Amino acid sequence: MSAATTRSRTPDRLCAEAVDLARAAAEEAAAPGVVGEHVGLVSEGDRVVTHFFECKELGYRGWRWAVTVARASRAKIVTVDEAVLLPGPDALLAPEWVPWSERLRPGDLGPGDLLPTDAEDLRLEPGYTGEDEPAPNSAVSEDMAELVEAEDAEMTAGTPAHLPQAPSRGSIAAVAEELGMRRARVLSRYGLHTAADRWEEAYGPKTPMAQAAPASCVSCGFLVPIGGSLGQAFGVCANEFSPADGRVVSLSYGCGGHSEAAVMPKPPQPAPPVIDETRVDPFPLRPARDSGSVPDVTDEESAELGHS
């Protein structure tokens, strides 16, 4: 270990004794009454010492006022270099800053908010702009040129070279327009896979609702198909009583609102009344004497039983 290193670790005596000078500098930089007790010092180098004072400011627990003092070589006067507020070993610090792009979560975007998309976003790839499309009379192979001219002659009045403008039907731009690819950027394979994973996790076959469903969405009448490659595995639910109404659902998803799950039976219809107008039903005005539960007896027979 060199002598210079040894000297730098040993605090200068005059600088170490300048506690009152350091306190006055801290109180001048801070608000009144927030500079606490002297809690230590550290040697920053030859004739350079930093004094630490407790900070009593609310909200700055564990922070310290650091005042650095120094003196010139062979000088006996100590001067103040700087006074700052620094966090201590157990200071209360703010969490590490995270970029907004990493803090953003689904559902955070509100009305009026703008969400910029990174130029190198892996979910997107360049779409077809038509810049690389060959001219109608560009040089191609002889076989392809003859085939193109023959097909164009059948649909138009002549070959593209003899027309005032190139026909749009059958061109690459027309096909791209029909497929919805004439945009600056379109979904990449990575973007398609992440969207499919996200949708299947929310409304897929492994959800509790789908596990208890009587049938899957692929056979439901409320399923609205979607175009593109994602249409092979997803659709849109159009059942207002389903928990997935208006959402993109997997074809393997299902719920109790399936169109064919329980067809309500029709209420039974009573049989029409039968009225026989050719028959007369007699209705006696008085009941028959033998129609009751008590046998019909004469007065003499009842007298023997003690009836009056």
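Which backbone oxygen does the side chain of Ser-43 reach? The views below take up that contact and several other places in this predicted model.

**Conventions.** Residues are numbered from 1 along each chain as its sequence is written, and side-chain values use heavy atoms, leaving out hydrogens and water. Because the model is predicted, local features need pLDDT of at least 70, and side-chain atom pairs count only at pLDDT 80 or more, while totals for chains, interfaces and linings use all residues.

**Figure 1. The whole protein has nine helices and nine strands.** Helices (H or I, at least four residues) and strands (E, at least two) are DSSP runs, numbered from the N terminus. The protein has 308 residues, and 21% of them are buried. Buried means under 20% relative accessible area, exposed means over 50%, and partly exposed lies in between (1.4 Å probe, protein chains only). A contact means heavy atoms within 4.5 Å. Among contacts between residues at least 6 apart in sequence, 52% join residues at least 24 apart.

**Figure 2. Ser-43 reaches the backbone oxygen of Gly-45.** The side chain of Ser-43 makes this approach at 3.4 Å. That is a polar contact: a pair of N or O atoms within 3.5 Å, where, within protein, one must be able to donate a hydrogen and the other to accept it, and residues adjacent in sequence count only if both atoms are side-chain atoms. Ser-43 lies in strand β1. Its relative accessible area is 17%, so Ser-43 is buried.

**Figure 3. Ala-25 sits in helix α3.** The helix runs over residues 19-29. With a relative accessible area of 13%, Ala-25 is buried. Which residues does Ala-25 contact, leaving aside its neighbours within four places in sequence? They are Val-67, Val-80 and Ala-83. Asp-81 is 56 residues from Ala-25 along the chain, and their C-alpha atoms are separated by 9.6 Å.

**Figure 4. The largest nonpolar core has 17 residues.** A nonpolar core is a set of buried Ala, Val, Leu, Ile, Met, Phe, Trp, Tyr and Cys residues joined through side-chain atoms within 4.5 Å. The residues with the most contacts inside this one are Ala-26, Val-35, Phe-53, Trp-65, Val-67 and Val-69. Two or more core residues come from each of α3, β2 (48-55) and β3 (63-70). Strand β3 gives the most, with four residues. In soluble globular proteins, nonpolar side chains tend to be buried together.

**Figure 5. Trp-65 has contacts with many parts of the sequence, including Ala-26, Phe-53 and Leu-85.** Neighbours within four places in sequence are left aside here. Among the other partners of Trp-65 are Ala-29, Ala-30, Val-34, Val-35, His-51 and Val-84. Apart from the largest core lies another core, of nine residues. Tyr-203, Ala-210, Ala-244 and Tyr-253 are among its members.

**Figure 6. Two loop arginines have positive phi values.** Arg-47 is in the loop between β1 (35-45) and β2. Its phi is near 60°, a positive value in a residue other than glycine. Arg-47 is partly exposed, at 28% relative accessible area. Arg-74 is in the loop between β3 and β4 (79-87). Phi of Arg-74 is near 65°. Is Arg-74 buried or exposed? At 84% relative accessibility, Arg-74 counts as exposed.

**Figure 7. Ser-188 is in the loop between β6 and α7.** The side chain of Ser-188 reaches the backbone oxygen of Leu-122 at 2.6 Å. Leaving aside neighbours within four places in sequence, Ser-188 is in contact with Leu-122, Arg-123, Leu-124 and Glu-125. Its relative accessibility is 6%, so Ser-188 counts as buried.

**Figure 8. Helix α7 covers residues 189-202.** At 1.5 Å a residue, its 14 residues should span 20 Å. The expected span is 1.5 Å times one less than the number of residues. The end C-alpha atoms are 20 Å apart, which agrees. Gly-191, Ala-195 and Ala-196 are buried in α7. They cover an arc of only 130° around the axis, so they are on the same side of α7. The arc is that of the directions from the helix axis to the C-beta atoms. On the other side of α7, Arg-189, Asp-197 and Glu-201 are exposed. The cover over the buried residues includes β6 (185-187) and β8 (234-237).
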